[in-house]
Amino acid sequence: MKRAQKTKIKSPSARLRYPLTKSISLIGLMGSGKTTVGLRLARKLGLDFVDSDAEIELAADHTVNEIFEKYGEEDFRTGERKVITRLISDTPTVLGTGGGAFMDPATRKRLREKTVTVWLKADIDHLVERTSRRDTRPLLRAGNPEEILRKLAKKRYPVYGQAAITVETGAGPHEKVVNDIIWKLNQYLAKERKKQTQDAPKDNRSS
Ligand code: S3P
């Protein structure tokens, strides 16, 4: 069973230009590197990393494969919704979500409102290669993994596109993906800050 990963790292979040008030959630298809990149991103920002699949496994005391086999996908999605709601805490963390989580309307709404959503967008060849390393994904057991991933991409990519930030991932080093996320996160935070300043009530007193 995948173990829950909660990594407390004490280094300060020096690489962000503005304070982070929300968690960062990583979304994307299976094999896009949400866990690997998420752990590195968390380490770099001095935040905890949590993985929704690992937390579901822990709560259910079953692997994701077992949950799908025994109870079906619908029950898995119900558990996923509950676990993600619990994991979105007031303290910013990096949250790695399962590939289908953002497709659930309630989960998507919650993630978009309460976290900075980051889509790790990868090309299918890369996903096929990465997912072939482990047999832990029930959806890919149902047929040809490449065809399944292509179908899922067609359906999901327009929805993943609703994420606040999109970062391309591929065969390159994870470090580059992490740096790209931080770069775009700084742009996002700068924009949010500007919006807040504009929305703040004007001080009409004359000096
Ligand atoms: C799923 C992705 C998996 C896991 C489950 C369903 C999906 O997570 O949640 O097998 O629907 O795409 P990863 O994206 O971490 O592999």
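Let's start at one side of the sheet: β2 and strand β3 (residues 94-96) pair in the parallel sense, joined by 3 bridges. Helices and strands here are DSSP runs, H or I of at least four residues for a helix and E of at least two for a strand, numbered from the N terminus, and two strands pair if DSSP finds at least two bridges between them. Within this pairing, Val-50 has Leu-95 of β3 as its bridge partner.

Before going further, a word on what you're looking at. This is a predicted model, where local features need pLDDT of at least 70, side-chain atom pairs count only at pLDDT 80 or more, and totals for chains, interfaces and linings use all residues. Residues are numbered from 1 along each chain as its sequence is written.

Now zoom out to the whole sheet. It's an open one of 5 strands, ordered β2-β3-β1-β4-β5, and the pairing is parallel. At the edges sit β2 (49-51) and β5 (165-169), each of which pairs on one side only. From one strand to the next, the twist averages 25°. For angles like this, axes are lines fitted to C-alpha atoms (for helices, over the stretch in contact), and values run from 0 to 180 degrees between N-to-C directions.

Moving across to β4, you'll find 5 bridges joining β1 to β4 in parallel, with Ile-27 opposite Trp-119 in β4. On to the edge: β4 and β5 also pair in the parallel sense, over 5 bridges, and Leu-120 stands opposite Val-167 in β5. As for burial, 7 of the 8 residues of β4 are buried, so this strand is largely enclosed by the rest of the structure. A residue counts as buried if 20 or more other C-beta atoms lie within 10 Å of its own, exposed if 12 or fewer, and partly exposed in between, with C-beta atoms placed from the backbone. Over the chain's 207 residues, 32% are buried by that count.

What lies on the sheet? Helix α1 (residues 34-45) lies across β1 (23-27), β2, β3 and β4 (115-122), running at about 175° to β3. Gly-38 has its place in this helix. Gly-38 is buried, with 28 other C-beta atoms within 10 Å. Leaving aside neighbours within four places in sequence, Gly-38 is in contact with Leu-26, Phe-49, Val-94 and Gly-96; contact means C-beta atoms, placed from the backbone, within 7 Å. The C-alpha atoms of Gly-38 and Val-50 are separated by 8.5 Å, with their positions 12 residues apart along the chain.

Helix α1 has a helical partner too: α1 and helix α8 (residues 174-199) pack with axes 9 Å apart, at an angle of about 60°. That makes α1 oblique to α8, given that angles under 35 degrees count as roughly parallel, over 145 as roughly antiparallel, 65 to 115 as roughly perpendicular and the rest as oblique. Thr-36, Val-37, Arg-40, Leu-41 and Lys-44 in α1 meet His-174, Val-177, Val-178, Ile-181 and Ile-182 in α8.

Finally, the chain as a whole. There are 8 helices and 5 strands, and from the N terminus the elements run β-α-β-α-α-α-β-α-β-α-α-β-α. The C-alpha trace spans about 70 × 35 × 35 Å along its principal axes. Of the contacts with a separation of 6 or more, 78% come from residues 24 or more positions apart.

Methods
Contact = placed C-beta atoms within 7 Å.
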